[in-house]
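Notebook open, model loaded. I want to know how the strands go together and what sits in the loops.

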Amino acid sequence: MAMRYKYGIGPETEACANCEHFYQHYIWTRYGYESIAAGHCVYPRVKSRKIYDCCEYFEKERSK
């Protein structure tokens, strides 16, 4: 969640990174897991997305 800011996406931006249905992808480096600018959306079906994409199913992420 916080790593999206390294890509220039703010908390109010309508982008997949801020969507309830988006799951971030990570890679393993020798320093630990690091987020990448990709992930997948699970609504209404699973599909690949970049963090800056957006679709008609965008739903603002709820606070946890």
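Before I call anything a loop, a note to self: strands here are DSSP runs of E with at least two residues, numbered from the N terminus. I also keep in mind that this is a predicted model.

Entry one, the loop. I looked up where Pro44 sits, and Pro44 is in the loop between S2 and S3. I then checked the peptide bond between Tyr43 and Pro44, and that bond is cis, with omega at about -10°. Worth flagging, as most peptide bonds are trans.

Entry two, the strands around that loop. S2 covers residues 32-41 and S3 covers residues 47-50; I find the two antiparallel, joined by four bridges. One pair I looked up is Ala38 with its bridge partner Lys50 in S3. The connection from S2 to S3 is a hairpin, made through five residues.

Entry three, the other side of S2. How many bridges join S1 to S2? I get seven, and this pair runs antiparallel too. Here I noted Thr29 standing opposite Gly32 in S2.

Entry four, the whole sheet. I read an open sheet of three strands, ordered S1-S2-S3, with antiparallel pairing. Which strands are at the edges? Those are S1 (22-29) and S3, each pairing on one side only. I also looked up the twist: neighbouring strands of this sheet are turned against each other by 45° on average, direction ignored.

A reminder for when I go through side chains: in a regular strand they alternate between the two faces of the sheet.

Terms used:
Residues numbered from 1 in each chain as written. Predicted model: local features only at pLDDT ≥ 70, side-chain atom pairs only at ≥ 80, totals over all residues. Heavy atoms only, no water. Pairing = 2+ DSSP bridges. Axes fitted to C-alpha atoms, helices over the stretch in contact; angles between N-to-C directions.
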